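Trainee: Could you take me slowly through one small part of this protein, and then show me how that part sits within the rest of the fold?

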Amino acid sequence: MLYERLNLPVKDIYIVDTTLRDGEQTAGVVFANREKVRIARFLDEMGVHQIEAGVPVMGGDEKEAIKKICNSGLKASIMGWNRPVIRDIEQSLECGVDAVAISISTSDIHIKHKLRTSREWVLEHMVQAVEFAKKEGMYISVNAEDASRTDSDFLIQFAQAAKEAGANRLRYCDTVGILEPFKTYENIKKIKEGVDIDVEMHTHNDFGMATANAIAGVMAGASWIGVTVMGLGERAGNSALEEVVMALKHLFKLDLGFKTEIFREVAEYVSRASGRELPAWKAIVGSNMFAHESGIHADGALKNPKTYEAFLPEEVGLERQIVVGKHSGTAALKAKYAEYGIRLTEHQAEELLPKIRSYTVSMKRPLFDKELMYIYEDYYGGTKRE
Ligand SMILES: [Zn+2]
């Protein structure tokens with residue numbers, strides 16, 4: 001099989017979660033402070049190695065929440081996000097973080113049109129900020145914003161200067177989400193060949209490739225992956241924590257030892273706190289992941305779940321559901337009624353099936369269990385229940 005041939009160049013992969021920073025930057029999303037602390041606890045419990053807790057220089061509630069997270073006795077490293085400005089980093093230090101992200105754009109389009117400055121200015125400010133943070137004993141990630149549209153020689157020069165100033169890693173940001181996995185692999189390989197520095201993948205999902213790109217980066221030698229719960233983040237979002245962890249575990253046989261059983265619970269919490277829907281079809285944690293309606297699929301899943309499931313629902317805190325709807329067959333129908341102690345004969349199942357199908361078509365949805373009971377009673381008058 002393909003994935004058994006793949007040999008990841010890095011054995012230790014670390015996860016940095018930025019639900020509280022990039023996730024909250026989503027247009028219209030605000031977390032209350034107690035929600036931030038709760039989310040940080042969840043991330044720590046799941047096994048996240050580093051939590052990007054927010055932007056200390058924003059002050060007020062934001063800074064208070066970061067302080068509280070730092071004082072919560074978590075195992076994870078706590079990171080504050082900064083511009084390459086000494087005052088920003090001082091605010092991070094005041095919160096008690098052990099790690100700082102120092103972020104600046106590296107692409108010419110950002111340097112010219114957003115910062116209205118030069119590559120030299122970018123290098124100079126980044127180096128000053130890194131040297132300051134280093135002196136304060138911080139773990140440092142230097143974030144190359146818009147790295148995916150940055151001239152590759154300049155990016156290597158930037159990473160080399162960051163390393164020499166004392167940075168621990170380079171965050172490679174696909175800020176506008178324009179990469180695809182093959183290009184990502186090439187780009188990261190080039191950086192790893194040019195500079196001996198840890199690389200973090202920070203990928204956005206504008207073309208639906210955030211998780212694939214993050215993993216392609218790891219295959220080229222990146223050792224950190226930036227994620228958010230359910231991919232919450234600006235525009236189309238980031239690579240999703242649950243997708244990255246489960247893909248590494250099941251497709252690459254690299255188990256990070258995460259407490260995956262609480263993935264659904266945490267996604268539900270973040271969904272409520274952010275006011276963002278958790279779609280039924282969401283990869284890994286959507287409620288439809290283990291719902292089978294089609295006759296052939298339901299029959300297969302009832303005989304052996306492995307026929308139509310990539311992993312077991314319990315692994316992520318979900319349950320298998322047999323949904324009775326337009327595409328159901330007699331096996332699903334019998335299994336569903338059996339849950340309520342009704343043993344349909346094959347003949348009864350064949351009789352009921354067309355009625356149930358026409359009912360679901362007129363309702364344009366699968367049926368609730370109660371509705372199935374009513375149909376049974378209407379048809380058999382409740383007399384054949386034993
Ligand atoms: Zn981002």
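Mentor: Let us begin with Thr117, which touches Ile111 and Val122 when residues up to four places away in sequence are left out of the count. Please keep in mind that we are looking at a predicted model. Thr117 is found in the loop that joins α6, residues 108-115, to α7, residues 119-135. Is this residue buried, partly exposed or exposed? Thr117 counts as partly exposed because 14 other C-beta atoms lie within 10 Å, and a residue is called buried at 20 or more such atoms and exposed at 12 or fewer.

From this loop we can move on to the interior. The largest nonpolar core has 92 residues, and Ile51, Val100 and Val130 are those with the most contacts inside it. The helix α7, which follows our loop, provides the largest share of this core, with 7 residues. The core also draws at least three residues from each of the two domains, domain 1 (9-274) and domain 2 (291-380). In soluble globular proteins, nonpolar side chains tend to be buried together.

Ile51 deserves a careful look of its own, for its contacts beyond four places in sequence are Asp17, Leu20, Ala40, Leu43, Ile69, Ala76, Ile78 and Met79. A separate core of 13 residues lies apart from the one just described, and it includes Ala332, Leu352, Leu367 and Tyr376.

Now consider the strands, of which 8 close into a barrel with parallel pairing, in the order β1-β2-β3-β4-β5-β6-β7-β8. On average, and with direction ignored, neighbouring strands of this sheet are turned by 25° against each other. Within the barrel, β3 (residues 77-82) pairs with β4 (residues 99-105) in the parallel sense over 4 bridges, and Gly80 has Val100 in β4 as its bridge partner. Helix α4, residues 60-70, packs on the sheet, where it touches β2 (50-54) and β3, and its direction makes about 155° with that of β2. Elsewhere, helix α10, residues 210-219, lies across β6, β7 and β8 and runs at about 170° to β7.

Finally, let us step back to the two domains, whose C-alpha centres lie 44 Å apart. Where they meet, 8 residues of domain 1 are in contact with 7 residues of domain 2. On the side of domain 1 that touches domain 2, α11 (241-251) and α12 (263-274) each supply at least two residues, and α12 gives the most, with 3 residues. The residues on that side of domain 1 divide into 2 nonpolar, 2 polar and 4 charged.

Note on methods
Residues are numbered from 1 along each chain as its sequence is written. This is a predicted model: local features need pLDDT of at least 70, side-chain atom pairs count only at pLDDT 80 or more; totals for chains, interfaces and linings use all residues. Domain bounds come from an automatic or database domain assignment. Two residues are in contact if their C-beta atoms, placed from the backbone, lie within 7 Å. Ala, Val, Leu, Ile, Met, Phe, Trp, Tyr, Cys and Pro count as nonpolar, Asp, Glu, Lys and Arg as charged, and the others, Gly among them, as polar. Two strands pair if DSSP finds at least two bridges between them. Axes are lines fitted to C-alpha atoms, for helices over the stretch in contact, and angles run from 0 to 180 degrees between N-to-C directions. A nonpolar core is a set of buried Ala, Val, Leu, Ile, Met, Phe, Trp, Tyr and Cys residues joined through C-beta atoms within 7 Å.
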